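Please take a moment with the sequence and the model before reading on. The paragraphs below lead from the strands to the cores and then to the open space.

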Amino acid sequence: MNKALVNKRLAVYPGTFDPITNGHADLVSRAAPLFERVVVAVAESSSKGPGFSLDERITLARLALADLPNVEVRGFNSLLASFVSEIGAGVIIRGLRAVSDFEYEFQLASMNRHLIPQAETLFLTPAEQYSFISSSLVREIGRLGGDISSFVHPAVQQAMRQRWRSTMSKTEGDNYA
């Protein structure tokens, strides 16, 4: 990465965002005033078997973050270091919910520092009411019929309900075949 092309006022917040939660949105809203622009980078991550397609996750993130004018949502399917270099970002934002996240995030930050030394990693913590929320927990609660309205944007909740209904209908249909 050419140092002249690095913009320290441009930050990337990467993740699979499957789905984007209020915890993610909280971190983005905390980062937005610190930077000229924040790119929420939605990773394709097909190896993780996301419940929503990349395009669906991008759309849901855009809806959840629509009130933040300096935030852009983009998808990517490459190494994060390549994406960061491609757009010339100088900062990678990572969220830490609990001490247990730190070891993994520290490893990622160290690897990214090796791959793209011009980019710094900035750790942010969510507001206390969001510190226990994870996408995987939200998916599980919702899949089992629990109320996820306080964990996700209304558009995300609606998309998840539609997804479960179609999944449940297919499963039930298969049982009666």
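Which residue of S2 does Gly15 stand opposite? In this predicted model, the partner of Gly15 is Val42 in S2, and the pair belongs to a wider arrangement in which strand S1, residues 7–15, is joined to strand S2, residues 37–43, by 6 bridges, with the two strands running parallel. Between these strands the chain passes through helix H1, residues 22–31, and the β-α-β crossover that results is right-handed. S1 also pairs with strand S4, residues 89–95, again in parallel, here through 3 bridges, and within S4 it is Ile92 that stands opposite Val12.

From the strands one can turn to the nonpolar residues. The largest nonpolar core holds 37 residues, and Leu65, Val71 and Ile93 are those with the most contacts inside it. Two or more residues come to this core from each of S1, H1, S2, helix H2 (54–64), strand S3 (71–76), S4 and helix H6 (154–175), and H2 gives the most, with 5 residues. Val71 shows how parts of the chain come together here: beyond its neighbours within four places in sequence, Val71 is in contact with Val28, Ala32, Val38, Val40 and Leu65.

A second core, separate from the one just described, has 15 residues, including Val12, Ala81, Ile92 and Ala119. Is Ile92, which lies in strand S4, buried or exposed? Ile92 counts as buried because its relative accessibility is 1%, and the cut-off for being buried is under 20%. Once neighbours within four places in sequence are set aside, the residues in contact with Ile92 are Val12, Pro14, Leu80, Val84, Asn112, Ile116, Glu120, Thr121 and Leu122. One of these contacts, Glu120, lies 28 residues from Ile92 along the chain, yet the C-alpha atoms of Ile92 and Glu120 are separated by 6.1 Å.

The last topic is the open space. The largest pocket contains about 1,100 Å³ of space, and among the 40 residues that line it, Pro14, Gly15, Thr16, Lys48 and Arg94 are the closest to its centre. Gly15, with which this account began, is thus met again as a lining residue. The lining receives two or more residues from each of S1, H1, S4, helix H4 (99–115) and helix H5 (135–143), and H4 supplies the largest share, 7 residues. S1, H1 and S4 are therefore among the elements that give two or more residues to the largest core and also to this lining, by the way in which helices and strands are assigned here.

Key
Residues are numbered from 1 along each chain as its sequence is written. This is a predicted model: local features need pLDDT of at least 70, side-chain atom pairs count only at pLDDT 80 or more; totals for chains, interfaces and linings use all residues. Side-chain values use heavy atoms; hydrogens and water are left out. Two strands pair if DSSP finds at least two bridges between them. Helices (H or I, at least four residues) and strands (E, at least two) are DSSP runs, numbered from the N terminus. A crossover is right-handed if, with the strands pointing away from the viewer, the path from the first strand over the helix to the second runs clockwise. A nonpolar core is a set of buried Ala, Val, Leu, Ile, Met, Phe, Trp, Tyr and Cys residues joined through side-chain atoms within 4.5 Å. Buried means under 20% relative accessible area, exposed over 50%, partly exposed in between (1.4 Å probe, protein chains only). Contact means heavy atoms within 4.5 Å. On a 1 Å grid over the protein atoms alone, a cavity is a set of points where a 1.4 Å probe fits but cannot get out, and a pocket is an open set with protein on both sides within 12 Å along at least five of seven lines; lining residues have an atom within 4 Å of a point. Grid points are joined across faces, edges and corners, and a volume is the space filled by probe spheres set on the points.
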